[in-house]
Amino acid sequence: MPDFLPIAYFEGQFVPFADAKISIATHGLHYGTGAFGGLRGTINPQNPHQVLLFRLDRHCRRLSNSARYLHYNLSADKIKTVIKDFVSKNKPSKPFYIRPFVYTSDLGIAPRLHNIEKNFFVYGLEMGDYLSPDGISCRISSWYRQEDRSLPLRGKISGAYITSALAKTEAVDSGFDEAILMNSQGKVCEATGMNIFIVRNNKLITPNVDQDILEGITRDSIVTIAKDLGIEVEEREIDKTELFIADEVFLCGTAAKITPVKRVENYHLPADKKITMKLKEKLTEITENRDPIYKDWITVIDV
């Protein structure tokens, strides 16, 4: 059982986490008509009474946009205010993860988005490494990523993550740590909850946003950081076979941060991961507020 933070935001107020409960008839539970965000909180290494949040504005804007797919008008400013108050009330002392969630909260059985109540909650849990920082193994999933013409993939719609769940369990059951999904065109898309990068000939390559990927905030940050470091970045289609001969492969996301990939299927990747590690070290510096160039990416909250 994860160590949940003691206070949650639920139905417009802050309550003990144990008291934040929904009915078994809740509409969003039955139809996946919800959308979520996720961001990490870091205790400031220079001041244990401060929490650092990475790209809070961007996270709140994406969740607000996700809510719009559900016909729910929830402003990014409202989300931001609640999250900052949530952190202040919980006063965390260890690294943690925040999960804000919007959903259809009415009780009913008709799948729809009109004439139905929506709501918003926030909870959190302590979180260390989501995946092994030393590197993981990946298989190519037999499940394919959905298409934007059938689901709004630019939003983190909860119902869409059945594919991620199927792919993750398939990977673990077959002896791997994680799965890589192809899109409907047979091109590399993403992992079960992370974006993917490869390195070939000192060039950083990642699937473009037209490849049915989630427009990841960590992904966007890495693209910016790499360019600032003078690393050539290419956003384009990636074929499956490129994974097997890549110089480096890594996954990235809020929970995973930057996680190196050691093996794809039965192809072992080179041990030297200099670009991956360079980016990982820089991202850590930024999230710990040790790089003045990116200070506007960090929100500091006194606890």
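This passage describes the salt bridges, surface patch, pockets, cavities and backbone features of a predicted model.

Salt bridges were searched for across the whole structure, and 21 were found. Two of them involve Arg154. The side chain of Arg154 meets that of Asp148 in a salt bridge, with an N to O distance of 3.6 Å. Asp148 is partly exposed, at 36% relative accessibility. Arg154 is also partly exposed, at 35%. Arg154 meets Glu215 in a salt bridge as well, here with an N to O distance of 2.7 Å. This second pair links distant parts of the chain, since its members are 61 residues apart. Glu215 sits in the loop between strand S12 (203-206) and helix H5 (217-228). Arg154 sits in the loop between strand S8 (136-144) and helix H4 (162-173). Glu215 has a relative accessible area of 28%, so it counts as partly exposed rather than buried, the limit for buried being under 20%.

Other salt bridges lie elsewhere in the chain. Glu288 pairs with Arg290, and their closest N and O atoms are 2.9 Å apart. Arg290 is partly exposed, with a relative accessible area of 39%. A network of salt bridges links Arg200, Lys203, Glu232, Glu234, Arg236 and Glu242.

The loop between S8 and H4 also holds Pro152. Pro152 is partly exposed, at 27% relative accessibility. Its C-alpha atom is separated by 8.5 Å from that of Ser66, although the two residues are 86 residues apart along the chain.

A nonpolar patch on the surface is formed by Trp143, Ile162 and Leu166. Together these residues have about 270 Å² of accessible area. Trp143 belongs to strand S8. The relative accessible area of Trp143 is 38%, which places this residue in the partly exposed class, between 20% and 50%.

The largest pocket holds about 670 Å³ of space. Its lining consists of 30 residues. Nearest its centre lie Phe36, Arg99, Tyr130, Tyr161 and Gly193. Several elements give two or more residues to this lining: helix H2 (56-69), strand S6 (96-104), strand S7 (118-126), H4, H5 and strand S14 (248-253). H4 gives the most, with three residues. By class, the lining has 14 nonpolar, ten polar and six charged residues.

The second largest pocket holds about 450 Å³ of space. It is lined by 25 residues. Arg40, Thr42, Thr254, Lys257 and Thr287 are the closest to its centre. Strand S4 (39-43), strand S15 (257-264) and helix H7 (274-287) are the elements that give two or more residues to its lining. This lining divides by class into ten nonpolar, ten polar and five charged residues.

Closed spaces were counted as well. There are three cavities of 30 Å³ or more. The largest cavity has a volume of about 50 Å³. Arg145, Leu153, Gly155, Lys156, Ala160, Tyr161, Glu190 and Leu214 line this cavity. By class, they comprise four nonpolar, one polar and three charged residues. Tyr161 thus appears in the lining of the largest cavity and among the residues nearest the centre of the largest pocket.

Two asparagines have notable backbone angles. Most residues other than glycine have a negative phi. Asn201 has a positive phi, near 55 degrees. Asn201 is found in the loop between strand S11 (195-200) and S12. At 67% relative accessibility, over the 50% limit, Asn201 counts as exposed. Asn289 also has a positive phi, of about 60 degrees. Asn289 is in the loop between H7 and strand S17 (298-302). Asn289 has a relative accessible area of 17%, and is therefore buried, under the 20% limit.

How values were computed. Residues numbered from 1 in each chain as written. Predicted model: local features only at pLDDT ≥ 70, side-chain atom pairs only at ≥ 80, totals over all residues. Heavy atoms only, no water. Salt bridge = Lys/Arg side-chain N within 4 Å of Asp/Glu carboxyl O. Buried < 20%, exposed > 50% of the residue type's maximum accessible area, 1.4 Å probe, protein only. Helix = DSSP H or I, 4+ residues; strand = E, 2+ residues; numbered from the N terminus. Patch = residues over 30% accessible without salt bridge, like charges linked within 9 Å, V, L, I, M, F, W, Y side chains within 5 Å. Areas by Shrake-Rupley, 256 points an atom, 1.4 Å probe, with all protein chains shown as cover. 1 Å grid on protein atoms, 1.4 Å probe; cavity = no way out; pocket = protein on both sides within 12 Å on 5 of 7 lines; lining within 4 Å. Points joined across faces, edges and corners; volume = space filled by probe spheres on them. Nonpolar A, V, L, I, M, F, W, Y, C, P; charged D, E, K, R; others polar.
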